[in-house]
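Got the viewer open? Here is a short walk through the structure, one selection at a time.

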Amino acid sequence: MKSIKRLRVISPVRFGMFLFVVFVLVSLLVLTVTVRAGQQAQGVEVTVQSGDTLWQLARPYCPGRRDARDYIAYVMEVNGLQSTVIYPGQVIMFP
């Protein structure tokens, strides 16, 4: 049976710095996920009517200098759409 090799801390200062860096990185990751979740929840929900297109509905919510194609791609991602085809009664979130 093999003997289990125990690890030991040679430099407590370096080990403490390592733990601090890991803590900061994990905290930043949690903060980023929390902020993104909050951003996705903001916006306007619109119920699609007969004859509506995604482009027509998105026009009033598209930020001024943003390329409309990029905004439509973002709206599709937020709503889990595979194409720009939408149907009456469907609810679309415009962030």
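The tour goes from the core to an aromatic pair and then to a strand residue.

Keep in mind that this is a predicted model. Start by selecting Leu-54, Leu-57, Val-75, Leu-81, Ile-86, Ile-92 and Phe-94: these have the most contacts inside the largest nonpolar core, a set of 13 residues. Now colour helix H2 (54-58), helix H3 (68-79) and strand S2 (91-94), the elements that each supply two or more residues to this core. H3 is the top contributor, with four.

Next, click on Leu-81. Skipping neighbours within four places in sequence, Leu-81 is in contact with Leu-54, Met-76, Ile-86, Gln-90 and Ile-92.

Then show the rings. How many aromatic pairs does a search of the whole structure find? Just one. Select Tyr-61 and Phe-94 and you'll see them stacked, 5.2 Å centre to centre with 20° between the planes. The pair ties together distant parts of the chain, since Tyr-61 sits in the loop between H2 and H3 while Phe-94 belongs to strand S2, 33 residues apart. Switch on a surface: is Phe-94 buried or exposed? Phe-94 is buried, at 1% relative accessible area, whereas Tyr-61 is partly exposed, at 30%.

Last stop: Val-46, in strand S1 (residues 44-47). Its relative accessibility is 14%, so Val-46 counts as buried. Leaving out residues up to four places away in sequence, Val-46 touches Leu-57, Gln-90, Val-91 and Ile-92, along with both ring partners, Tyr-61 and Phe-94. To finish, draw a line between the C-alpha atoms of Val-46 and Ile-86: they are 12 Å apart, with the two positions 40 residues apart along the chain.

Definitions and conventions
Residues numbered from 1 in each chain as written. Predicted model: local features only at pLDDT ≥ 70, side-chain atom pairs only at ≥ 80, totals over all residues. Heavy atoms only, no water. Core = buried A, V, L, I, M, F, W, Y, C linked by side-chain atoms within 4.5 Å. Buried < 20%, exposed > 50% of the residue type's maximum accessible area, 1.4 Å probe, protein only. Contact = heavy atoms within 4.5 Å. Phe/Tyr/Trp six-rings, centres within 6.5 Å; stacked < 30°, edge-to-face > 60°.
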